[in-house]
Amino acid sequence: MTISIIVPTLNEADTIALTLRSARAAVGDCELIVVDAESVDDTAAVARQAGARVLTAVGCRAEAMNVGAAQARGEVLLFLHADTSLPLGAGELVRAALETAVGGAFRIGFDEPKRVIEMLANFRSRHLGIIYGDQAIFARRTTFNRIGGYRPIPIMEDCDFVRRLRQVGSVKLVALAVTTSARRHRSGTGRTLMRVWLIQLLYHLGVSPTRLAEMYPPIRSRAHPDGLDADRRSP
C-alpha cells in the first residue's frame with residue numbers, strides 16, 4: 001500500500017524540514033504533501049527543498065487536510081502535524097494495522113520531559129478511544145472518501161473524524177509513538193490540560209466547535225509566525 005503523508009502548515013519554517021525528513025525515514029517510498037495556509041515565512045520553500053509537493057489552502061486545518069487528500073495519490077492517507085516526527089518503522093506499522101482496521105493513529109511522546117502528560121494522553125487514547133491529530137491519524141483512502149473526509153470545523157475535527165471512522169470499522173492505536181512539540185504546554189501544563197479536558201467535555205455535551213474554538217488559544221499567526229492565529233486552533 002502506498003502512503004501519502006499530508007502536512008497542513010502555517011508559518012512552520014523552523015519545524016517542517018525535520019518533520020518531512022522524519023516522515024521519509026520512517027515510511028520510505030511515500031508521497032509528501034504540504035498544504036500551506038499562505039505562510040509569511042519560508043515554510044513553502046523549505047518544504048519544497050525537502051522534497052514535498054506544496055499546495056495552498058487558506059482556512060482551518062480540516063479544510064487543508066481535505067485539499068491534500070484530494071490531490072494525494074496514495075492508497076493510505078496519513079495526516080501529520082508540522083511539529084511532529086514519525087518513528088522509524090512507522091510505514092510497516094501503518095500497513096500492518098490497515099490489514100484489519102480502516103484507520104489508526106500512534107501513541108504520543110514529547111520533545112521535552114512531559115512524562116505525566118504522555119501517560120495521560122496514551123491512557124486516554126487506549127482506554128477511552130479519544131485520539132487527537134498530533135497522533136498522526138491515518139486511514140485508507142477509500143474509507144476517507146466513504147465518510148466524507150474531515151468536517152470543516154475549527155476545532156475537534158480530529159475526534160470527529162475518528163468517531164466517524166469507527167462507524168465503518170475498527171481504529172487501531174499502534175505500538176510506537178510519534179514525537180511532537182511540547183510548545184503548547186510551555187505556558188503552563190496544568191492550565192493547558194484543564195482547558196483541553198473542558199473543551200472535550202463540552203464537545204461531547206454538544207457545544208458547537210465554533211464556540212469551543214474561542215476557548216483554545218492558537219499558536220501561529222498569519223501575520224506573525226510566533227503570534228496567534230484564529231484559523232489554526234486544534235488540541
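**Group meeting talk: a walk through one model**

I'll start at Asn11, which sits in the loop between strand 1 and helix 1. Helices (H or I, at least four residues) and strands (E, at least two) are DSSP runs, counted from the N terminus. Before going on, the ground rules. This is a predicted model, in which local features need pLDDT of at least 70 and side-chain atom pairs count only at pLDDT 80 or more, while totals for chains, interfaces and linings use all residues. Residues are numbered from 1 along each chain as its sequence is written, and side-chain values use heavy atoms, with hydrogens and water left out.

On confidence: pLDDT is the predictor's confidence in each residue, from 0 to 100. The chain has a mean pLDDT of 87, with 86% of its residues at 70 or more. Residues 224-235 stay under 50, and for that stretch the model has 49 contacts beyond four places in sequence. A contact here is heavy atoms within 4.5 Å.

Back to Asn11. Is it buried or exposed? With a relative accessible area of 3%, Asn11 is buried; the cut-offs are under 20% for buried, over 50% for exposed, and partly exposed in between (1.4 Å probe, protein chains only). A polar atom of the Asn11 side chain lies 3.4 Å from the backbone nitrogen of Asp41. For a polar contact, the pair must be N or O atoms within 3.5 Å; within protein, one must be able to donate a hydrogen and the other to accept it, and residues adjacent in sequence count only if both atoms are side-chain atoms.

Next, helix 1. This helix covers residues 16-27, twelve residues in all, and spans 16 Å from its first C-alpha to its last, close to the expected 16 Å. The expected span is 1.5 Å times one less than the number of residues. Its buried residues are Ile16, Ala17, Thr19, Leu20, Ser22, Ala23, Ala26 and Val27. An α-helix has 3.6 residues a turn, so residues three or four places apart point the same way. What do the buried residues of helix 1 pack against? They meet strand 1 (3-9), strand 2 (31-36), helix 2 (43-49), strand 5 and helix 4 (90-97). After helix 1 comes Gly28, with a positive phi near 85 degrees.

Now phi in residues that are not glycine. Most residues other than glycine have a negative phi. Glu38, in the loop between strand 2 and helix 2, has a positive phi of about 55 degrees. Glu38 is exposed, because its relative accessible area is 53%. Ala136 also has a positive phi, near 55 degrees, and belongs to the loop between helix 5 (115-128) and strand 7 (138-140). At 1% relative accessibility, Ala136 counts as buried.

Now the sheet. Eight strands form an open sheet in the order 3-2-1-4-7-6-8-5, with mixed pairing. Strand 3 (53-56) and strand 5 stand at the edges with a single partner strand each, so one side of each has no neighbour in the sheet. Two strands pair if DSSP finds at least two bridges between them. Strand 8 (residues 171-180) pairs with strand 5 (residues 84-85) in the antiparallel sense, over two bridges. Thr84 has Thr180 as its bridge partner, and Ser85 stands opposite Thr179. Strand 8 also pairs with strand 6 (residues 103-110), in the parallel sense and over seven bridges. Within that pairing, Ala105 is matched with Leu173.

Just ahead of strand 8, in the loop that follows helix 7 (157-166), is Ser170. Ser170 is partly exposed, at 39%. Which residues does Ser170 touch, not counting those up to four places away in sequence? They are Thr100, Ala101, Val102 and Gly103. Ala101 is 69 residues away from Ser170 in sequence but 4.8 Å away in space, C-alpha to C-alpha. The Ser170 side chain reaches the backbone oxygen of Thr100 at 3.2 Å.

A second loop residue: Glu75, between helix 3 (61-71) and strand 4 (76-79). At 45% relative accessibility, Glu75 is partly exposed. Beyond four places in sequence, Glu75 is in contact with Met1, Thr2, Ala139, Arg140 and Arg141. Glu75 and Ser4 are 71 residues apart in sequence, and their C-alpha atoms are 7.5 Å apart.

Last, cysteines. How many disulfides does a search of the whole structure find? Zero, where a disulfide is a pair of cysteine sulfur atoms within 2.5 Å. Cys30 is buried, at 10% relative accessibility. Cys60 is buried too, with a relative accessible area of 10%.
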